[in-house]
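Reader: I should be grateful for a close look at a single part of this structure, set out as one connected account. Please begin with the helix at the start of the chain, and then proceed to whatever holds the rest together.

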Amino acid sequence: MLDLGRLRALHAVSVHGTVGAAAAALGYTPSAVSQQIAKLERETRTTLLERQGRGVRLTEEATQLAATAQQLLALVEEAEVRIEERRGKPTGRLSIACFASASRGLMPHVLADLARRHPELDARLHEVDPHLSVDLVARGAIDLAVAHDWDIAPLPAPTGVEQAVIGDDMCDVLVPAGHLLAAADSVRREDLKDERWITQPPGTVCHDWLLRTLRAAGCEPLIAHQSEEYHTQVALVAAGLGVALVPRLGRGTLPPQVVAVQLAPVPTRRLHALWRTGAARRPAITETVRTLQKLWPAVIAEPRGGPH
């Protein structure tokens, strides 16, 4: 009989792409995952992983076995949901995928609140790009995702995945303290046509939003610097190297060299919680979503520095 833990390890490698990433998602060491795969190869008398450069790839047999593993894990999840539902309280492990600024600005409050009120719940955070996290939920690699979208890029929920709105996160234009616009109550997109922009790299939602929005106002943005981290963007603005459009969530208090100016109309991104339909009755899911929604108003109302 095939061992479920070893099938789970193979499924994790198929979802995350590498042994190291699979280990991080499962809470194991890479060597432990490799040992599980090796034992599964001996049990099935089949080669499951092949070396490819510095990584590995699944053989055709492994791909088929991983698909079967996903079906088995879904059945196990259904059984676990029924048991937890009968207990009537959140228990067991809950894996949560979340994007960077929410991991920093929202999740510490949520995880601490859950740990205090539900000590039998083992909630674990994984920082993941928001659009990757939706697929991880759909494939059963993550229990719950906190993701965001913008008006130009709605967040799709694939079949079998449900979602609920957590709240809206507003964005401000950050400018150096000595900038001509630093004293303004608000600015329009047209006022920013000659600015040097600091933004995230191409392919990210924030980068695409900036391009589309300014182009719609007849401006071709000059992208001077690119950084994935908002804290790095703030540091570049503080050095007088450009302006940036940065969400308030997770931004923290701005240094005195940086001023937040409201952009009219205000850019907003919406946060969502997503989970598999099969786990919708699980108390750990319903309570975590409720906690996210409950704590959001206080978290987003915290002082962020600079005028809003």
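Author: The model is a predicted one. In helix α1, the buried residues are R6, L7, A9, L10, H11, A12, V13 and V15. The helix runs over residues 4-16, and its 13 residues should span 18 Å at 1.5 Å a residue; the end C-alpha atoms are 18 Å apart, which agrees with that expectation. At the N-terminal end, D3 acts as the cap of α1, with a side-chain oxygen 2.9 Å from the backbone nitrogen of G5. After α1 comes G17, whose phi is positive, near 95°.

From this helix one may turn to the nonpolar interior. In soluble globular proteins, nonpolar side chains tend to be buried together. Here the largest nonpolar core has 30 residues, and those touching the most other members are V173, L174, V175, L192, W197 and L245. At least two residues of this core come from each of β6 (161-176), β8 (196-199), α8 (205-216), α9 (230-238), β10 (243-247) and β11 (258-264). V173 illustrates the packing: leaving aside residues up to four places away in sequence, V173 touches L192, V243, A244, L245, V259, A260, V261 and L263. A second core, separate from this one, has 27 residues, including V81, L271, A284 and V299.

Charged pairs come next. Side chains of opposite charge can pair when their charged atoms come close. The structure holds 18 salt bridges, and one of them joins R248 to D172, with N and O 2.9 Å apart. R248 belongs to the loop between β10 and β11 whereas D172 belongs to strand β6, so this pair ties together parts that are 76 residues apart in sequence. Both partners, R248 and D172, are buried. D172 also forms a salt bridge with R251, where the closest N and O atoms are 3.2 Å apart. Since R251 too is in the loop between β10 and β11, the bridge from D172 in strand β6 ties together parts 79 residues apart in sequence. The relative accessible area of D172 is 0%, so D172 is buried, and R251 counts as buried at 4% relative accessibility.

A further set of salt bridges, linked through shared partners, joins D113, R116, R117, E287, R290 and K294 into one network. Within this network, the side chains of D113 and R116 meet at 2.9 Å, N to O. These two residues are 3 residues apart in helix α6 (residues 107-117), which means that about one helical turn separates them. An α-helix has 3.6 residues a turn, so residues three or four places apart point the same way. The partners have contrasting surroundings: D113 counts as buried at 10% relative accessibility, whereas R116 counts as exposed at 59%.

Lastly, the cysteines. The structure holds 0 disulfides. C219 takes part in none, and the nearest cysteine sulfur, that of C171, is 18 Å away. The cut-off for a disulfide is 2.5 Å between sulfur atoms. C219 has a relative accessible area of 5% and is therefore buried; C171 counts as buried at 0% relative accessibility.

Methods: Residues are numbered from 1 along each chain as its sequence is written. This is a predicted model: local features need pLDDT of at least 70, side-chain atom pairs count only at pLDDT 80 or more; totals for chains, interfaces and linings use all residues. Side-chain values use heavy atoms; hydrogens and water are left out. A nonpolar core is a set of buried Ala, Val, Leu, Ile, Met, Phe, Trp, Tyr and Cys residues joined through side-chain atoms within 4.5 Å. Buried means under 20% relative accessible area, exposed over 50%, partly exposed in between (1.4 Å probe, protein chains only). Helices (H or I, at least four residues) and strands (E, at least two) are DSSP runs, numbered from the N terminus. Contact means heavy atoms within 4.5 Å. The expected span of a helix is 1.5 Å times one less than its number of residues. A polar contact is a pair of N or O atoms within 3.5 Å; within protein, one must be able to donate a hydrogen and the other to accept it, and residues adjacent in sequence count only if both atoms are side-chain atoms. A salt bridge is a side-chain nitrogen of Lys or Arg within 4 Å of a carboxyl oxygen of Asp or Glu.
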